[in-house]
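Please open the model in the viewer and keep the selection panel at hand. The tour below proceeds from one charged pair to the next.

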Amino acid sequence: MAPKVEVHEEPSVLQAVVLTECDIDYGAAITHYNPKVLVPLANTPLLDYTLAWLERCGVDEVIVYCRANPHTDKIKQHCKRFTSRREECGIKVMVVVSEDCLNLGDAMRDLYSKSLLKDDFILLQGDLVATLNLQDIVAKHKENRLSDKSMIMTCVYVNKPLETTAVEGEEGRGKEVTATLVTAADTGKLLLHRRSRNKSSKISIPTELFQASSDLLTYPAAYDPSLAICSEVVPSLFSDNFDYGSRDSLLRGVIEQEELLGYSIRCQVVQEGYACRASTLQQYQRVSGEVMRREAYPMVCESSLTSHRIRYTYDPFTTTYWEPSAKFTKGNGGACEVVVGAGTEVDAGGNGGASEAVVGAGTEVDAGSVIITCNFRGNGGASEAVVGAGTEVDAGAILTASVVGDHCTLADGVIANAAFIMNNVQIKSGCELSHCYIGDDVVLEKGVVVSSGCVVGPGVRLGPDVTIPPGTQLVAQPPHHHAPSTHPHDDFDETARVKEADPSICGSKGKAFILLPEESDQDDDDEEEESSDDGRSSGPDEGDSEDALMMMSDDEHSENEFRREVQESLTNGMRKKSAAENMVLEINASRHAYNVSMEDVLTTVTQGILRAGQTQKQDGSTEPTWPGINTALKCFADVLRNYVRKGRDQLLVLNAIEKLMVDSPEYLPATQKILFNLNQTFEILEGEVIIHWYKKGGAGTTAFTTIKTSIAQFIEWLEKDSEDDDDSDDESS
């Protein structure tokens, strides 16, 4: 008998991929000098929150993925320090660098080509602060995969109210943080994922979703922390489809092409735990406040996330944290609401006693001593302030919902409300800061007012006695003074223009340059003036259309661009007699590029095919004629058939034809012939569907009355044909 061979199974390794090139950054005034994931939040780099949470949740290996730029070495060194400072680090951190990664899709394709992902892995952004029970989420994902082999991803959402917390004076930028979800109640299968782009109380749910599941769960505005548990199939899908550049595009592709791809996605909407991305400066302020208020426990300010040691003293009465080496200098009176810890020595020499002071056991208080501290106060006595090592704060300074870094100086009379002050900053007396970001090594002379939404970059000097307008971004040097960058996006590009700040803005002792937004209103006005000089008249109608274009939303603009591209593809394809599969590829590429729904795709393709059949007249204009329309239908029948798979799709085609008649009444005479050929010749539309659409009044447009009259004879023929089929079925039975 052959000896038994022992088979040792390798233990499974739980991996996580952390993307440092987040989809939204904080602007060049901040991220030019420091990568976003290393920007301190409550005096702790953002990346540390992510790594500490992953280690606590039992993740074995973390791939920190970043694009090659001058910040790459900083990220590598920081990850090395994170693991080396711990006595027992239970996590392996590996930094992977790519030369040409522009989005999540590129990252997934690169990791797939390097074979670094071998099993289920966690996908997240490097600006996420979370305390969710990741072990349970991963276990549920694996359990679902065992029962459903088609499932490739579990998306994680948080179902709790998310109040809008914005930095005053700064407009909201970037992607929405909530999503409208529709899932199957029994399995959690994701049936609809749509970004919440407005505050409407109504939700539009496609009727075909009820065919997939009788019981549906809807989440009108679930918070999306960009967290997902992925199978090894996900990177290969990104590799096979270069149109997939983001997680949203993958979700849309898998949901809409489930029958073709054979894959499905589930979601877990968690009710407990904390998860929030500091994706924008508004969210940065929000998350900072929630961390200070201990809503992200055990991610708390007093505990170092790298060494697990206590670094700050915490006062629960005022929700303030300070490093022991921080100094609070004397003022002109006693302290208010002071907490003095055990073993603290309070020297004599003051002019009065402490007011409402709590003195811990073992504290030595000399006679005649005065206990004075920074006037930490806010609403209800809670200041929510964090003060770093070596920082000196005068007794007359007021800090509310603010964070102060290491080795800063705040003089008497400084008022900071929701101010985020980095390291080595000097703020002299009489300065006021509100809802702003102050970079390293900034000097604010006396009487400087930094308004809401301002970003003051490292090394800037301002004052004295100036007010910085709301939303201003200041840098210390113009672009040509910076060291050359290895990547065009890492330096101030041509759109990130600067101008030297006027002394009335930065002050007589100030040194700063204003970082202009990418597109200013003045530049837009100049472009409009140039376009009006090209020889074309600008009448009232044209002016109205320009105003409408300026007010057009991003969604409307994307839909218009999609229609234009599809129409060009169909017109060129008809001229070149392109194969149907090539046309479908072009249309799908445009669909993914502009994030268009299948309903819009069917409408655009249907109308585009009919418009492609227009015949050119002698005067150069075009008109729809039946021979041209018939040629277009023959040319693109297989293209349209590719998108018509269900009865609802046929109704969308009929509605698209009706809406075309509203915009272009010249197509009305050909309506009956169009429907006849789509039904009889190409067998794309079923007779029963056409009859149902006809009897329900079509799409309810003004053109339906005329259409109803023109196709009445065809409908009668369909009904008679349907009755004959029923009679023949009865006779055969």
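Select Arg247 first: in this predicted model, its relative accessible area is 9%, so Arg247 is buried. Next add Asp224, whose side chain forms a salt bridge with Arg247, with 2.7 Å between the closest N and O atoms. Asp224 belongs to strand 11 (residues 216-230) and Arg247 to helix 8 (residues 247-256), so the pair ties together parts that are 23 residues apart in sequence. Asp224 also counts as buried, because its relative accessibility is 4%, and the cut-off for buried is under 20%.

Move now to Glu384 and Arg293, a salt bridge in which the closest N and O atoms are 3.2 Å apart. This pair links distant parts of the chain, 91 residues apart: Glu384 sits in the loop between strand 20 (364-365) and strand 21 (386-387), and Arg293 in the loop between helix 10 (281-292) and strand 14 (313-315). Is each partner buried or partly exposed? Glu384 is buried, at 16% relative accessible area, while Arg293 is partly exposed, at 38%.

Then select Lys36 and Asp127, whose side chains meet in a salt bridge of 2.8 Å, N to O. Lys36 lies in the loop between helix 1 (28-31) and strand 2 (40-41), and Asp127 in the loop between strand 6 (121-125) and strand 7 (128-130), so the pair ties together parts that are 91 residues apart in sequence. Both Lys36 and Asp127 are buried.

Finally, select Asp120, Lys142, Arg145 and Glu232, which are linked in a network of salt bridges. For the model, the count comes to 24 salt bridges.

Methods
Residues numbered from 1 in each chain as written. Predicted model: local features only at pLDDT ≥ 70, side-chain atom pairs only at ≥ 80, totals over all residues. Heavy atoms only, no water. Salt bridge = Lys/Arg side-chain N within 4 Å of Asp/Glu carboxyl O. Helix = DSSP H or I, 4+ residues; strand = E, 2+ residues; numbered from the N terminus. Buried < 20%, exposed > 50% of the residue type's maximum accessible area, 1.4 Å probe, protein only.
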